[in-house]
Amino acid sequence: MPVANYEIYCRMLGRAREGHFAYPAINVTSLTTANAVLKGLAESKSDGIIQISTGGGAFASGSAVKDMALGAISIAEHVHRAAERYPIYVALHTDHCQADKLDKFVIPLVEETEKRRAAGKPNLFNSHMFDGSALPLKENLDISVKLLDRFRRNELILEIEAGVVGGEEDGVEGKASGKLYTTPEDTLEVAGRLNIVNGGRYLLAATFGNVHGVYKPGHVKLRPEVLRECQEAVVKEHGEAARFFLVFHGGSGSSIGEIHEAIDYGVVKMNIDTDMQYSFTRPIADHMLKNYDAVLRVDGEVGNKKMYDPRFYLALAETAMAERVKLAVTELRGVGTTMFKT
Ligand SMILES: [Zn+2]
């Protein structure tokens, strides 16, 4: 199936919140990792989200070019073509983009979508994240409101963040530990400012102690009830229509109980990067260590061409990552939920 359009994406998100499941939003940096996601989603009969970070885009554009928007466009164009061969819907999203990178990443990608729309073609991406969490909330929302107005006109969904996700992702470290938990007051401010952008749709990454990267259990004190408190506050003040569609960042190492509780409070998208990176690299490490004298030309020997052909071990990695995607779909209660009808 082609990439989801705006109408289908909106319905996907609505069904998830109503049905108490969430979509895995998986970071990809190459054709192989994008294919792994499509395979895993299709085998789970689940729709899902493929996302690209600024660093992932720069990587995908090639080390001589390092153009984050160009790499993101290249992967997105591949997904538009490849997704047609899979019986599920996938949405394309871009991950954390701080204010100083908007002009190099999100804005050129929105312009690309605007060009495509003017030519009668589908949007390139379905949604983009603006991460203004390092700014004072007012400045964060000033930028968000402007973006949401432009997004609304192009049937794009905006993801914003209030509060700070701890840890490190893509070389950016979340500090300000006091903001690791979003407050109901913050989220009322978000709704007050963004809900007046008529026809605008947004997702909110509210933080409840989440940390990017990987930590052993017990390191992170997750408080999913923060999400419930935020939802109750916004519904009380602005009515049921204002209930948030929430995003869970930094979930590596969370317990299933915590994940399910967060979903029950309105999380519809869970970002998964670190665990996917590990699942991809694990079989490659195994291959290299077990076949040391075949992948290397040891002591004047010639090695084994089959064993060092990148296709051989990347295929192992693709399969392992697809399996990890299937596990994510299961944990997020999404198995068999695709909207695609054959
Ligand atoms: Zn994140």
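Where does N210 lie? Let's start there and work through this predicted model piece by piece.

Some ground rules come along: this is a predicted model, where local features need pLDDT of at least 70, side-chain atom pairs count only at pLDDT 80 or more, and totals for chains, interfaces and linings use all residues. Residues are numbered from 1 along each chain as its sequence is written, and side-chain values use heavy atoms, with hydrogens and water left out.

**Exercise 1. Place N210, then say whether it is buried or exposed.**

Step 1: N210 sits in the loop between β8 (202–206) and β9. Helices (H or I, at least four residues) and strands (E, at least two) are DSSP runs, numbered from the N terminus.

Step 2: N210 has 1% relative accessibility, so it counts as buried. The cut-offs are under 20% relative accessible area for buried, over 50% for exposed and partly exposed in between (1.4 Å probe, protein chains only).

Step 3: Look along the chain to V164, 46 residues from N210; the two C-alpha atoms are separated by 8.4 Å.

**Exercise 2. Find the donors of the zinc ion and work out what they connect.**

Step 1: Pick out the coordinating atoms. They belong to H96 (NE2), H212 (NE2) and H249 (ND1), at 2.0 to 2.1 Å. Donors here are N, O and S atoms within 2.8 Å of the metal (3.2 Å for Na, K and Ca); water is not among the atoms, so sites may look incomplete.

Step 2: Read off the spacing along the chain, which is H-x115-H-x36-H.

Step 3: Now see where two of them live. H96 is in the loop between β3 (90–94) and α5 (106–118), while H212 is in strand β9 (residues 211–212), so this pair ties together parts that are 116 residues apart in sequence.

Step 4: Check the surroundings of that pair: H96 and H212 are both buried.

**Exercise 3. Check the span of α5, then see what covers its buried residues.**

Step 1: Take the expected span of a helix as 1.5 Å times one less than its number of residues. With 13 residues, α5 should span 18 Å, and its end C-alpha atoms are 18 Å apart, so the two agree.

Step 2: List the buried residues of α5: V106, I107, L109, V110, E112, T113 and R116. When you eyeball that list, remember that an α-helix has 3.6 residues a turn, so residues three or four places apart point the same way.

Step 3: The cover over the buried residues of α5 includes α4 (68–82), β3, β4 (127–130) and α6 (137–153).

Step 4: Zoom in on one residue of α4, I73. I73 has a relative accessible area of 14%, so it is buried. Setting aside neighbours within four places in sequence, I73 is in contact (heavy atoms within 4.5 Å) with L109, E112 and L124.

Step 5: Do the same for β4, where you'll find F130. F130 comes in at 0% relative accessibility, so it counts as buried. F130 and C97 are 33 residues apart in sequence, yet 5.1 Å apart in space, C-alpha to C-alpha.

Step 6: Finish just past the helix: α5 is followed by G120, with a positive phi near 80 degrees.

**Exercise 4. Which residues other than glycine have a positive phi, and where are they?**

Step 1: Recall the background: most residues other than glycine have a negative phi.

Step 2: Take E155, with a positive phi of about 55 degrees. E155 is in the loop between α6 and β5 (157–162), and its 36% relative accessibility means that it counts as partly exposed.

Step 3: Take D299, with a positive phi near 50 degrees. D299 belongs to the loop between α11 (292–295) and α12 (305–308), and at 74% relative accessibility it counts as exposed.

**Exercise 5. Describe the lining of the largest pocket by element and by class.**

Step 1: Start with the volume, about 570 Å³.

Step 2: Of the 38 lining residues, I272, D273, T274, M276 and Q277 are the closest to the centre of the largest pocket.

Step 3: α10 gives the largest share of the lining, six residues.

Step 4: Sort by class: eleven nonpolar, 20 polar and seven charged residues.Step 5: Pin down the terms. On a 1 Å grid over the protein atoms alone, a pocket is an open set of points where a 1.4 Å probe fits, with protein on both sides within 12 Å along at least five of seven lines; lining residues have an atom within 4 Å of a point. Grid points are joined across faces, edges and corners, and the volume is the space filled by probe spheres set on the points. Ala, Val, Leu, Ile, Met, Phe, Trp, Tyr, Cys and Pro count as nonpolar, Asp, Glu, Lys and Arg as charged, and the others, Gly among them, as polar.
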